[in-house]
Each structure stands twice: as C-alpha cells, then as structure tokens.
Amino acid sequence: MTTGDAVRLTVAQATVRFLAVQRSERDGVRRRLVEGCFGIFGHGNVAGVGQALLEAELHDPGALTYHQARNEQGMVHAAAAFARMRNRLSTLACTASIGPGSTNMLTGAALATVNRLPVLLLPSDIFATRVSSPVLQELELPSGYDVSVNDAFRPVSRFFDRVWRPEQLPAALLGAMRVLTDPAETGAVTVALPQDVQAEAHDWPVELFRERVWQVARPVPEPAALARAVEVLRSATRPLVVAGGGVGYAEATDALRDFVEATGIPVAETQAGKGSLRYDHPLAVGAVGSTGTTAANRLAHQADVVVGIGTRYSDFTTASRTAFANPDVRFVNVNIAPPDAAKQSGVAVVADAREALRALTDALSGWSTEQSYRDEARRLAAEWDEVVERAYTLGHGPRPAQSEVIGAVNEVSGPRDVVVCAAGSMPGDLHKLWRTRDPKGYHVEYGYSCMGYEIAGGLGVKMACPDRDVFVLVGDGSYLMMAQELVTAVQERIKLIVVLVQNHGFASIGELSETLGSQRFGTWYRYRNGRTGRLDGDVLPVDLAANAESLGVRVLRAGTIDEFRSALVEAKRHEGGPVLVHVETDPLVPAPSSESWWDVPVAEVSQLDSTRQARKSYEASKAGQRPYL
Ligand SMILES: Cc1ncc(C[n+]2csc(CCOP(=O)(O)OP(=O)(O)O)c2C)c(N)n1
Ligand SMILES: [Mg+2]
C-alpha cells in the first residue's frame with residue numbers, strides 16, 4: 001500500500017521488504033546480501049515476521065525465501081557457515097520467537113562473533129506497550145522492566161538494537177547492514193523486535209525500499225606502516241607466514257601464493273586459514289600450533305619474523321604462546337581489524353589482506369630467503385607428508401583408526417569438495433592430516449569449536465555452494481548434541497554426506513583428561529555400574545545409524561575401512577538428500593604428535609598420583625610461555 005511518498009506496512013513487512021533489496025559489492029561484483037530467512041515460529045513472531053514472510057512468498061516469490069529449521073541454534077550455525085563459504089559477502093537472516101526461541105540463538109551468535117562471520121538475528125521481544133505483561137516466556141526482572149532475555153545478546157553481538165517504536169526501524173536496519181558488511185567489525189548482528197511492534201503499521205518513506213549497495217572495502221596499507229613491515233622483513237633470515245581466515249575472506253590466496261613465490265617465505269596455516277595454499281605447494285608447511293605439523297612447528301620455533309596474515313593468534317595457533325620460541329622473534333601483522341593487527345606487539349599493517357600482500361610483493365621485489373632455508377622447509381614438509389601417509393594407511397584393527405577414516409574421506413572426496421567439522425578429536429586430526437586442495441575445501445569451525453555445529457553448518461555450506469559435495473565429519477558426542485538439522489536437509493532435499501564417527505564417548509576430552517592426570521573421568525558413554533557406583537559399566541546400546549534412518553536419512557553402515565571407502569563412493573553418487581555413513585573407530589589410537597603444547601591448567605594440589613605427575617609436566621611446559629611484549 002502506497003500513499004504519496006510513503007508506503008504503509010507493518011514493521012515486520014518493512015523489515016522483510018528492506019532485507020530483500022540489500023546488496024553487497026566488492027571488486028565490482030554485486031550480490032544479494034541476505035539470501036533468505038531461517039525461522040521457527042512461536043507467538044512472538046508467527047503473526048509478525050511470519051506473516052510478512054508469507055506475504056512475501058505469495059506476492060513476491062524469491063524476495064526472501066523462508067527455510068524452516070528444527071533448532072534455533074542450528075539455524076544460526078547454518079547462517080554462519082553460509083556466510084563463511086560466501087567469504088562474508090552474503091548471509092542469511094534468522095527469526096525466532098520470544099524467550100527460549102531467541103535465547104537458543106545465543107550460542108550461534110557467540111560462534112558467529114568469535115569467528116567474525118556476519119549473521120542477522122531477529123529475536124522477538126516482549127511487548128513494547130507492556131499492557132499484557134508479563135507475557136508467556138517473559139523474564140520479568142523486578143529491577144528493570146525494560147530488560148528482556150534478549151539483553152543477553154549484547155555481549156555476543158557486534159551490533160544490537162531493539163526496535164521499541166516503528167520510527168526506530170530504519171536506523172536499526174541501516175546500522176545492522178553496515179556492521180554485517182564491514183569486514184573489520186562483522187559478527188552477529190541482532191535486531192530485537194517486540195512482538196507487538198512487529199505487527200504495527202507505519203508510513204515508511206519509499207527510499208527505505210530502494211536497492212541499496214553496501215561496498216565491502218579493501219583498505220590499502222598506510223605507506224608508513226608498509227615501510228615498517230618491509231624493513232623488518234628485509235632483516236629476516238627465517239621468516240614464516242601464518243595464514244589465518246582473513247586470507248580466504250579477502251580472496252587473497254592467489255596474492256599469497258605470488259607473495260611467497262617471490263620471497264621464498266614458507267606458509268603455515270591456522271584452522272581458519274587452512275587452504276590458503278595447496279597442501280603440496282613447495283612452500284606449504286601445513287598446520288601450525290597445538291594441532292600443527294612438525295614441519296610448521298619446527299620452523300615456528302626458530303622463526304625470527306612471523307608474518308601473521310588475517311589471523312587473530314588464538315591459543316591453538318600460538319600453542320598457548322610457546323610456538324614462537326626465538327628470543328628475538330618479531331611479528332608483522334596484516335589484518336583488517338586493528339585489534340588483531342596490534343597483537344604480539346607486532347608491526348601493524350591494518351589493511352585488506354589481498355591489497356597488503358600485493359603491496360608487500362612489490363615493495364620486497366628482489367629480496368628473498370636463502371635457498372638453504374627453503375630447502376629445509378621443503379624437507380620438513382616432505383617428512384610430515386610421510387607421517388600423514390602412514391596415518392592414512394595404518395591398517396589398524398579390528399576397528400579402524402580415525403586417521404584412516406580421514407584418509408579415506410580425503411581420497412574419495414573431489415578436489416573442490418568441502419570437509420566440515422567443529423569439535424572433538426577430529427578438528428585437530430584434520431588440521432594435521434587433511435590435504436587441502438581448494439581454498440574453500442576445508443571448513444572447520446575452531447573459533448568456538450561448538451559441538452553441534454557440524455550438521456547444521458554443513459547445511460549452510462551446501463546452501464552456499466550447491467555445486468560442491470559436502471562431507472560432514474561428526475563424532476557421536478556432537479551428533480547427540482545436535483543432529484536435528486538432518487531433517488531440514490531431508491525437507492529441502494539438500495545432499496550432505498555425513499560421516500558419523502562412533503567411538504562411544506568424548507574421545508578427545510578423554511585423551512586430554514588422561515594427559516592431565518584426570519584418568520578419562522566422565523568421558524565414556526557407559527552405564528552406571530551397580531558394583532562400583534561409577535559410570536564404568538557396559539557400553540550404552542545407542543544406535544545412531546538407526547536414529548538417522550528414523551529421520552529420513554539414507555544410511556550406510558561400514559565396519560572395516562574398505563567397507564567405509566566403498567560406502568563413501570556410494571554416498572558420493574547418491575542424489576537428492578542427506579546420506580549418512582556410520583563407522584566405528586578405535587578411540588585409543590592417537591594422531592601423530594605435533595611436538596606442541598596447549599595450556600590447560602592442572603590441579604596444583606591433589607591426592608591423586610596421576611594428577612600430581614601431570615602437574616609437574618604442566619609446570620615445565622608453562623615455563624616456555626612467552627608474553628611477546
Ligand atoms: C557445546 C560444547 N560443549 C562441550 C564442548 C567440550 N568438548 C569438546 S570436544 C568434546 C567431546 C566431543 O565428543 P565427540 O563428538 O564424540 O568427538 P570425539 O571426542 O569422540 O572425537 C567436548 C565435550 C564443546 N566443544 N562444545
Ligand atoms: Mg566420540
């Protein structure tokens with residue numbers, strides 16, 4: 001309905017119409033910024049945003065496609081994964097009902113913010129008018145009537161607003177879009193919509209609904225900062241690049257390859273940065289840090305200049321500040337986010353990774369590392385590749401080792417296919433062992449390492465890149481935490497190849513617990529034992545393959561590694577929906593060592609011998625920690 005220069009719509013209808021015409025643009029390529037909207041309806045949004053989505057579907061099909069989800073956390077994971085695959089240039093919106101529907105999105109919001117991924121969250125909120133207060137699911141805080149559970153989104157969002165009145169909507173939406181498309185600020189963007197305001201009509205200026213293009217910037221480095229970085233690099237004899245997620249988001253993988261081929265600097269990769277350089281490139285030394293390769297970690301140990309590109313230096317990357325052990329080590333940090341560029345007292349180059357790499361390549365023209373250093377990197381990488389080959393082909397029995405499962409998936413998957421994982425023992429093993437052949441082929445969420453991300457995230461990956469096969473690697477623990485978006489994949493006929501690794505418990509934490517002297521306590525899935533009173537009875541009789549089958553998923557069960565490989569081949573041929581390959585592995589086969597450490601504090605006093613021993617080795621490792629001042 002249009003009156004003069006105004007359009008009369010509800011707040012929810014205006015929101016949907018606005019989102020449908022937002023675009024992002026980088027390098028002259030324009031895309032839809034918000035491609036669709038996930039939602040679970042309740043009284044908080046069914047007649048507001050729900051009605052608006054229905055109206056859009058009937059009168060303007062494709063404007064903002066609605067997708068049903070099973071769990072609000074799952075839909076945010078899917079949106080975050082979608083945004084990651086699209087290099088943060090497009091995302092999805094998520095609408096949830098008030099109270100638990102909205103707070104279910106909190107974990108997803110934190111994950112998106114930690115991983116710097118744009119997601120648009122539209123939690124519903126309590127009545128602005130408060131005439132019906134307290135409504136079903138209202139917190140009703142006696143000390144603050146304007147507080148709702150949605151205030152919990154503030155610390156986990158990069159932008160938060162609550163639209164108490166329709167007049168506030170345009171500013172809220174514009175602020176939200178700006179943060180979504182700002183690569184330095186992006187993360188969860190939350191616009192809370194009180195349930196009465198969603199349904200309230202208002203006269204909106206027509207300009208609000210004109211196509212709007214958000215330019216995604218590629219800031220160039222400041223010349224003085226570039227000169228400082230070049231000076232440090234020219235003095236280096238053992239430099240090492242640490243490539244983080246920012247390399248991929250800036251589509252800077254070609255620029256990185258050109259830079260290192262010109263300068264002869266080896267490249268180590270963080271979890272988010274894995275895939276920055278093909279695994280078999282002569283300067284690739286693979287994963288760095290607590291879950292790194294011995295090649296990258298030995299080079300890191302002696303590096304005199306570390307060039308961090310698009311990394312936030314998480315504790316896994318720095319091996320809890322023990323990885324870079326050269327007493328004279330200096331850091332040069334290329335990052336679009338000033339707080340990350342400033343880390344480790346580094347020379348900060350605040351810029352887009354692609355622009356900065358091109359500028360560094362030009363400025364360093366004629367300079368390169370010594371041949372002997374490049375040979376050393378090559379030899380170390382070759383040694384590690386042999387370790388990987390052995391781990392892929394262990395021939396362990398009767399149940400295969402996890403590394404063999406990873407090897408088989410690597411072998412059967414195509415070069416452009418994507419492996420997805422998030423928590424458990426697999427992310428570390430994949431970081432060490434996965435041979436990455438495509439910049440978007442490795443998708444391990446290890447900023448928040450959230451159990452339950454795997455299947456929901458895999459869904460988002462496949463929605464973003466329907467032309468690639470997506471292999472979701474999920475442990476039994478993660479599966480039990482959140483597998484229900486399998487139903488969404490069935491509903492949308494989205495093909496996911498889910499590899500369910502059954503090892504009857506939290507094997508990762510079990511191994512960690514054992515090394516920390518806590519004897520794998522609480523990490524097996526076992527019956528309570530009538531005799532001991534402890535959880536050390538028989539293995540639980542859960543059948544997760546049957547569980548998946550009951551959700552409408554095609555299931556293949558594999559016993560041996562050969563059966564597993566055949567099942568993967570069959571799964572790859574499968575069309576039209578999710579397929580799950582169930583395999584039991586031996587939880588007690590460790591992955592090859594990283595020669596590295598991770599800071600997990602051990603009890604300082606204890607009656608247990610195991611804990612006292614672990615404390616001793618903890619204190620010894622702790623002594624290697626560096627503040628990088
Ligand atoms: C939501 C959430 N809760 C707890 C943890 C801590 N945690 C990390 S790995 C893990 C066990 C994962 O078990 P499973 O998926 O079976 O993988 P496995 O360790 O057996 O490889 C736990 C509990 C987490 N990462 N995420
Ligand atoms: Mg497990």
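Start at the magnesium ion (ligand 2): its donors follow the spacing D-x26-N-x1-G along the chain. Keep in mind as you click around that this is a predicted model.

**Stop 1: the metal**

Select Asp 476, Asn 503 and Gly 505 together with the magnesium ion (ligand 2). Asp 476 gives OD, Asn 503 gives OD1 and Gly 505 gives its O, and these protein donors lie 2.0 to 2.1 Å from the ion. Now colour by secondary structure. Asp 476 is in helix 18 (residues 476-481), while Asn 503 is in the loop between strand 22 (497-502) and helix 20 (507-515), so the pair ties together parts that are 27 residues apart in sequence. Turn on a surface and look for the two side-chain donors. Asp 476 counts as buried at 2% relative accessibility, and Asn 503 is buried as well, at 7%.

**Stop 2: ligand 1**

Next, select ligand 1 and show what surrounds it. There are 16 residues around ligand 1, and those that come nearest are Ser 425, Asp 476, Gly 477, Gly 505 and Ser 508. You have already met Asp 476 and Gly 505 as donors of the magnesium ion (ligand 2).

Three distances are worth drawing here:

- Ser 425: an N or O atom in its side chain is 2.5 Å from an oxygen atom of ligand 1.
- Gly 505: a polar backbone atom sits 2.8 Å from an oxygen atom of ligand 1.
- Ser 478: a backbone N or O atom is 2.9 Å from an oxygen atom of ligand 1.

How much of ligand 1 does the protein bury? Taken alone, ligand 1 exposes 580 Å², and the protein buries 77% of that.

**Stop 3: the cysteines**

Select the cysteines and show their sulfurs. The disulfide count comes to 0. Why is Cys 94 not bonded to Cys 37? The Cys 37 sulfur is the closest cysteine sulfur to that of Cys 94, but at 6.9 Å it is too far for a bond. Cys 94 is buried, at 0% relative accessibility. Move on to Cys 465, which is in no disulfide: its nearest cysteine sulfur, that of Cys 94, is 18 Å away. Cys 465 is buried too, with a relative accessible area of 11%.

**Stop 4: charged pairs**

Now for the salt bridges; the count comes to 41. Here are a few to visit.

Pick Glu 25 and Arg 30. Their side chains meet in a salt bridge, 2.7 Å from N to O. Is each partner buried or partly exposed? Glu 25 counts as buried at 13% relative accessibility, whereas Arg 30 is partly exposed at 47%.

Then jump to helix 14 (residues 371-392), which holds both Glu 383 and Arg 379, 4 residues apart, about one turn of the helix. The side chains of this pair meet in a salt bridge at 3.3 Å, N to O. Both partners are partly exposed: Glu 383 at 34% and Arg 379 at 47%.

Stay with helix 14 and select Asp 385, then add Arg 435. The closest N and O atoms of this salt bridge are 3.3 Å apart. Here the pair links distant parts of the chain, 50 residues apart, with Arg 435 in the loop between helix 16 (426-433) and strand 20 (442-444). Asp 385 is partly exposed at 31%, but Arg 435 is buried at 13%.

**Last stop: a network**

Finish by selecting Arg 26, Asp 27, Arg 218, Glu 251, Asp 352, Arg 354 and Glu 355 as one group. These residues are linked in a network of salt bridges.

Definitions and conventions. Residues are numbered from 1 along each chain as its sequence is written. Chains are lettered from A and ligands numbered from 1 in the order in which they are written. This is a predicted model: local features need pLDDT of at least 70, side-chain atom pairs count only at pLDDT 80 or more; totals for chains, interfaces and linings use all residues. Side-chain values use heavy atoms; hydrogens and water are left out. A disulfide is a pair of cysteine sulfur atoms within 2.5 Å. Buried means under 20% relative accessible area, exposed over 50%, partly exposed in between (1.4 Å probe, protein chains only). Donors are N, O and S atoms within 2.8 Å of the metal (3.2 Å for Na, K and Ca); water is not among the atoms, so sites may look incomplete. Helices (H or I, at least four residues) and strands (E, at least two) are DSSP runs, numbered from the N terminus. A residue is near a molecule or strand if one of its heavy atoms lies within 4 Å of it. A polar contact is a pair of N or O atoms within 3.5 Å; within protein, one must be able to donate a hydrogen and the other to accept it, and residues adjacent in sequence count only if both atoms are side-chain atoms. Accessible areas come from the Shrake-Rupley method with a 1.4 Å probe; for residues, only the protein chains shown count as cover. A salt bridge is a side-chain nitrogen of Lys or Arg within 4 Å of a carboxyl oxygen of Asp or Glu.
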